[in-house]
Amino acid sequence: ALEELSIISPLKDSKLTKDEIRILSKELNISTYKKPSFSCLATRIPVYHEITKEKLKMIEEGENFLQDNNFNQYRVRLHNNMARIEVDKKEINKFFSEEMINKINLKFKEIGFKHVTLDLEG
């Protein structure tokens, strides 16, 4: 897709590894040097399903909300009108309070998801 759209990827073209980029970022005081790696939001949509700006925006808002609530490793996957939330197994226990469940459910429905689920495999 990148080639089809003639997208330029300077870091990829530089032949630097992820570790080298992190080291250089740390030396340059770029705050994202220790940020967990995340794949493109389009990977959260099942194969053969249409990718739209609206869907990507919903996913992004959901993931931003999880980040704002102190989750470190997470994904929001979109299945039709359902959000399937994945978090690191070490963080899954954060969901098991009535307050957090209600907070996430309310926000995700406000974003536009009809159903909100938690993937128990992490």
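Let's start in the middle of things, at Leu-66: leaving aside residues up to four places away in sequence, Leu-66 touches Phe-71, Tyr-74, Val-76, Ile-85, Phe-95, Ile-104 and Phe-108. A contact here means heavy atoms within 4.5 Å. Keep in mind that this is a predicted model, where local features need pLDDT of at least 70, side-chain atom pairs count only at pLDDT 80 or more, and totals for chains, interfaces and linings use all residues. Residues are numbered from 1 along each chain as its sequence is written, and side-chain values use heavy atoms, with hydrogens and water left out.

Now step back for the overall plan. The protein has 4 helices and 3 strands, and from the N terminus on they run α-α-α-β-β-α-β. Both kinds of element are DSSP runs numbered from the N terminus: helices are H or I with at least four residues, strands are E with at least two. Along the principal axes, the C-alpha atoms fill a box of roughly 45 × 35 × 25 Å.

Of the protein's 122 residues, 24% count as buried; that label means under 20% relative accessible area, with exposed being over 50% and partly exposed in between (1.4 Å probe, protein chains only). The largest nonpolar core has 19 residues, and Leu-66, Phe-71, Ile-104, Phe-108 and Phe-113 touch the most other members. Such a core is a set of buried Ala, Val, Leu, Ile, Met, Phe, Trp, Tyr and Cys residues joined through side-chain atoms within 4.5 Å. Helix 3, strand 1, strand 2 and helix 4 each chip in at least two residues of this core.

What about the aromatic rings? A search of the whole structure turns up 3 aromatic pairs. Rings of Phe, Tyr and Trp (its six-membered ring) pair if their centres lie within 6.5 Å; planes under 30 degrees apart are stacked, over 60 edge-to-face, and the rest tilted. Phe-71 and Phe-95 have ring centres 5.0 Å apart and planes at 40 degrees, so this pair is tilted. Phe-71 lies in the loop between helix 3 (53-68) and strand 1 (74-79), and Phe-95 in the loop between strand 2 (82-87) and helix 4 (98-111), so the pair ties together parts 24 residues apart in sequence. Phe-71 counts as buried at 2% relative accessibility, and Phe-95 is buried too, at 5%.

Phe-71 has another visitor: the charged end of Lys-94 sits over its ring, 5.0 Å from the centre. That wording requires NZ of Lys or CZ of Arg within 6 Å of the ring centre and within 35 degrees of the ring normal. Finally, Phe-65, Phe-108 and Phe-113 form one aromatic cluster.
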